[in-house]
Amino acid sequence: MRTIVVLLVAGLLGYLAWPWLGPRIDHAVYALRLSMSEAPVRVAVPVEGVGRRGLVDTWGAARSEGRTHQGIDIFARRGTPVIAATEGLVARIGENRLGGTVVWVYGPGRQRHYYAHLDRVAETLETGDRVAVGDVLGYVGNTGNARGTPPHLHYGIYAMGGAINPYPLLIAPEPAASPVNPAATGTAAEPVS
Ligand SMILES: [Zn+2]
C-alpha cells in the first residue's frame with residue numbers, strides 16, 4: 001500500500017514537472033548527441049544567396065594589433081540573412097569589441113561556430129535554441145571592428161584545438177549519393193562456401 005502511494009505521488013510530481021523538465025532533458029540529450037557526433041566535412045555557406053564559388057579564402061591574412069585572420073569574411077548587402085552553417089544549439093548571443101554583435105552555435109563534433117559583425121540578431125533567436133542548417137541567426141552588418149568596412153559576415157569555426165579554416169569545409173563537394181542497392185554494384189562480399 002505504501003509503495004503504491006509513493007509511486008502515485010512520484011507519478012503526479014513527474015507529470016506536473018514535465019513541462020519544465022521535458023525540454024531540459026531534450027536539450028541535454030541533443031547536446032550530448034552533438035558532442036558525440038563526427039565533426040562535419042562540409043558546411044553550408046552561412047549567408048543567404050551566396051554561392052560557394054563567390055567565397056574568397058582569407059584565412060591567415062594580417063589583421064590589426066598583429067593578429068591573423070581566423071575565419072572567413074563573406075560579403076553581402078546589409079540585412080542579408082545569416083543562416084546556420086550546421087545544426088546545433090545557440091550557445092551565446094552577445095556583443096564584443098572585435099566581433100560586434102555575435103552569435104555562437106555549438107555544433108557537431110564539439111565545434112563552436114562564430115557568426116560576427118551582425119547588424120542584428122534574428123528577432124526570435126534565444127540562447128539554448130536548437131537550430132537546423134539554414135535557420136536564420138541574424139543579418140549581415142559591420143558591427144565591432146568591421147565598422148567602416150563594407151558589410152560582411154565573419155564566420156569562424158573553433159575546434160577543440162583552436163580555430164580551423166572554414167574555407168575547405170565551405171567549398172567541399174557534396175558527398176556522392178550512396179548506392180541504393182549495394183549488392184547491385186558487385187562490391188558486396190560473396191558468401192564463402
Ligand atoms: Zn573576418
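Q: Is Arg67 buried, exposed or partly exposed, and at what relative accessibility?
A: Keep in mind that this is a predicted model. Arg67 sits in the loop between α1 and β1. Buried would need under 20% relative accessible area and exposed over 50%, so Arg67 falls in the in-between class: partly exposed, at 26%.

Q: Which residues does Arg67 touch, leaving out those up to four places away in sequence?
A: Arg67 belongs to the loop between α1 and β1. Skipping residues up to four places away in sequence, its contacts are Ala61, Ala62, Leu98 and Asn145.

Q: How far apart in space are Arg67 and Arg33, C-alpha to C-alpha?
A: In sequence, 34 residues separate Arg67 from Arg33. The C-alpha to C-alpha distance happens to carry that number too: 34 Å.

Q: Which residues coordinate the zinc ion?
A: Start with the sequence pattern of the donors, H-x3-D-x80-H. His69 is in the loop between α1 and β1 and His154 is in strand β8, so this pair ties together parts 85 residues apart in sequence. Both of these histidines are buried. With distances of 2.0 to 2.1 Å, the donors are His69 (NE2), Asp73 (OD) and His154 (ND1).

Q: Which residue forms a salt bridge with Asp73?
A: Asp73 also serves the zinc ion through OD, and it is buried at 11% relative accessible area. Its salt-bridge partner is in the loop between α1 and β1 while Asp73 is in strand β1, so the pair ties together parts ten residues apart in sequence. That partner is partly exposed, at 30%. With the closest N and O atoms 3.0 Å apart, it is Arg63.

Q: How many residues apart in sequence are the parts that Arg42 and Glu174 tie together?
A: The two side chains meet in a salt bridge at 3.8 Å, N to O, which is inside the 4 Å cut-off. Arg42 is partly exposed at 25%, whereas Glu174 is exposed at 60%. Arg42 lies in the loop between α1 and β1 and Glu174 in the segment after α2 (167–171), so the parts they tie together are separated by 132 residues.

Q: Which residues are joined into one network with Arg120 and Asp119?
A: Begin with the Arg120–Asp119 salt bridge, at 3.7 Å from N to O. Both ends are partly exposed, Arg120 at 37% and Asp119 at 30%. Salt bridges that share partners extend this pair into one network, and the other members are Arg78 and Glu123.

Q: How many salt bridges does a search of the whole structure find?
A: Among them are Arg42 with Glu174, Asp73 with Arg63, and Arg120 with Asp119. The search of the whole structure gives a total of six.

Q: How many of the ten residues of strand β5 are buried?
A: β5 covers residues 112–121. It pairs antiparallel with β4 over five bridges, with β8 over five bridges and with β7 over three. The strand is largely enclosed by the rest of the structure, because its buried residues number seven.

Q: Which residue in β5 stands opposite Trp104?
A: Strand β4 spans residues 100–106 and runs antiparallel to β5. Their hairpin has five residues between the strands, and Gly109 takes a positive phi near 70 degrees there. Facing Trp104 from β5 is Tyr114.

Q: Which residue of β7 is the bridge partner of Leu118?
A: β5 has partners in several strands; in β8 (residues 152–159), for instance, Ile157 stands opposite His113. β7 covers residues 136–140 and joins β5 antiparallel by three bridges. Its bridge partner for Leu118 is Val140.

Q: Where does α1 bend by about 70 degrees?
A: The end-to-end span gives a hint: α1 has 35 residues, yet its end C-alpha atoms are only 42 Å apart, short of the 51 Å a straight helix would reach. A proline, Pro19, follows the bend within four residues. The bend itself is at Trp18.

Q: What do the elements covering the buried residues of α1 include?
A: The buried residues of α1 are Gly22, Tyr30, Leu34 and Ser35. What covers these residues includes β3 (88–96), β4 and β6 (130–131).

Note on methods: Residues numbered from 1 in each chain as written. Predicted model: local features only at pLDDT ≥ 70, side-chain atom pairs only at ≥ 80, totals over all residues. Heavy atoms only, no water. Helix = DSSP H or I, 4+ residues; strand = E, 2+ residues; numbered from the N terminus. Buried < 20%, exposed > 50% of the residue type's maximum accessible area, 1.4 Å probe, protein only. Pairing = 2+ DSSP bridges. Expected span 1.5 Å × (residues − 1). Bend = angle between axes of the 7 residues up to and from the residue. Contact = heavy atoms within 4.5 Å. Donors = N, O, S within 2.8 Å, 3.2 Å for Na, K, Ca; no water.
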